[in-house]
Structures are given as C-alpha cells and as structure tokens.
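Subject: Structure handover

Hello,

Here is the structure I promised to pass on. Please open it alongside this note; my findings on cysteines and nonpolar cores follow.

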Amino acid sequence: MRRQWQNKRSAKQRTCVIMGKRVSAALSAAEERLFFEAFALAVRRSVFQGYDTFLCGMSLGEDILAAEALLWLKKEFPHIQLVCCLPYEAQADHWPEHWRERYFQALALADDVQCLQVRYSADAAWKLAHALTAAASRVLACVEPSAGKRGAYLLQAAAASGCDILFVPREEGDMLPDMAAVL
C-alpha cells in the first residue's frame, strides 16, 4: 500500500504570497526568462520547505509572470496550488491586450480564483495586500524595498503580519537576501 505524504503544517504555515512589480510595457524574452529562473528558484526553495499554496494578486506585470511560472512548475510539483486573488472584478479592463490575454489565461488555469470586492475602490489593492499577508507565512517578494511607495507599503504589511520575506533576485547573479539584512 502506498502511503501518501501529508503536510502537517497549518494552511497559513504552508502559504506564500507573491508580491510582484507592476510593469505595463511588454518585457523582452530575456527579461522574462531571467525573472522566471529567479522566481522558479524561490518557489522550489519554498516547496522544499513545505509550502504548497501560492496566493497571487494578479497585478499587471510580474504577478502575471509569476502565475505563469507557477502553472509551469505544477509539472514538477503537481501538489502546489495557485490561487489568484483579485482586488476587484474589473481589474484588467483597461490593460494592454497582451497582458489581458495572459491574465485571463492564468485565471482559467488557476486552482482557484477569489475576488475581494466587486467594484473598484481607491484602497482595494491595500485591502488585498493586508488580506493576503494575513493568510500567509511567507512572501515571495519580486519588489524591492526601494521600489517606491507601493513596494515599501507591501513589504511593511508583510512584516507587520509576521511573514518571512524571501526576495526574488532582480539581476543575474543576485542572491536571495535575508529580510533581516534589508530592514
């Protein structure tokens, strides 16, 4: 009889949040590949440490790239779950078409899609950041502490929620720094 491995950690202890940088223009193939390789390394590290659920806010840019990478990594780790968490239903209505296509494809292939609120509000993204970090114990940060107001706010929300923060490298050859060294 084959025994199935069960992760005995709580759902929060097994959950990662993806915090990506917003990018409106299409990225070059080389930029996407570099992001994918760095992000895949962070996901593999997290999976080997017992994480199996990944929450993604699906913002324009790197959140979508991260969702695509997670869907591809499901071939290697079929037990991982991608949950797309939208701040409001019409989030992608005014995006460039190339990003909209990728967004809706990722939503269609995700394990679950959740929406925080029906309509847009000025604080929808901040509400989502707090909800996601409250539900997770780790953040895969594709944003840098110096990434401006949004990046700093997201990282503060994660730190306030007690999340372990793992930075995804920005440049080839970068290491995955420890959050304590950054704060």
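A disulfide is a pair of cysteine sulfur atoms within 2.5 Å. Please note that this is a predicted model: local features need pLDDT of at least 70, side-chain atom pairs count only at pLDDT 80 or more, and totals for chains, interfaces and linings use all residues. Residues are numbered from 1 along each chain as its sequence is written, and side-chain values use heavy atoms, leaving out hydrogens and water.

Cysteines first. The whole structure was searched, and zero disulfides turned up. Why does C56 not bond to C84? C84 holds the closest cysteine sulfur, but at 5.8 Å it is too far from that of C56 for a bond. C56 is also buried (under 20% relative accessible area; exposed is over 50%, partly exposed in between; 1.4 Å probe, protein chains only), at 0% relative accessibility. For C163, the closest cysteine sulfur is in C16, 9.1 Å away and too far for a bond. C163 is buried too, at 9%.

Now the cores. A nonpolar core is a set of buried Ala, Val, Leu, Ile, Met, Phe, Trp, Tyr and Cys residues joined through side-chain atoms within 4.5 Å. The largest has 38 residues; F39, F54 and M58 touch the most other members. Helix and strand names follow DSSP runs (helices H or I, at least four residues; strands E, at least two), numbered from the N terminus. α2 gives the largest share of this core, eight residues. A second, separate core has 18 residues, among them V17 and C163.

Best wishes
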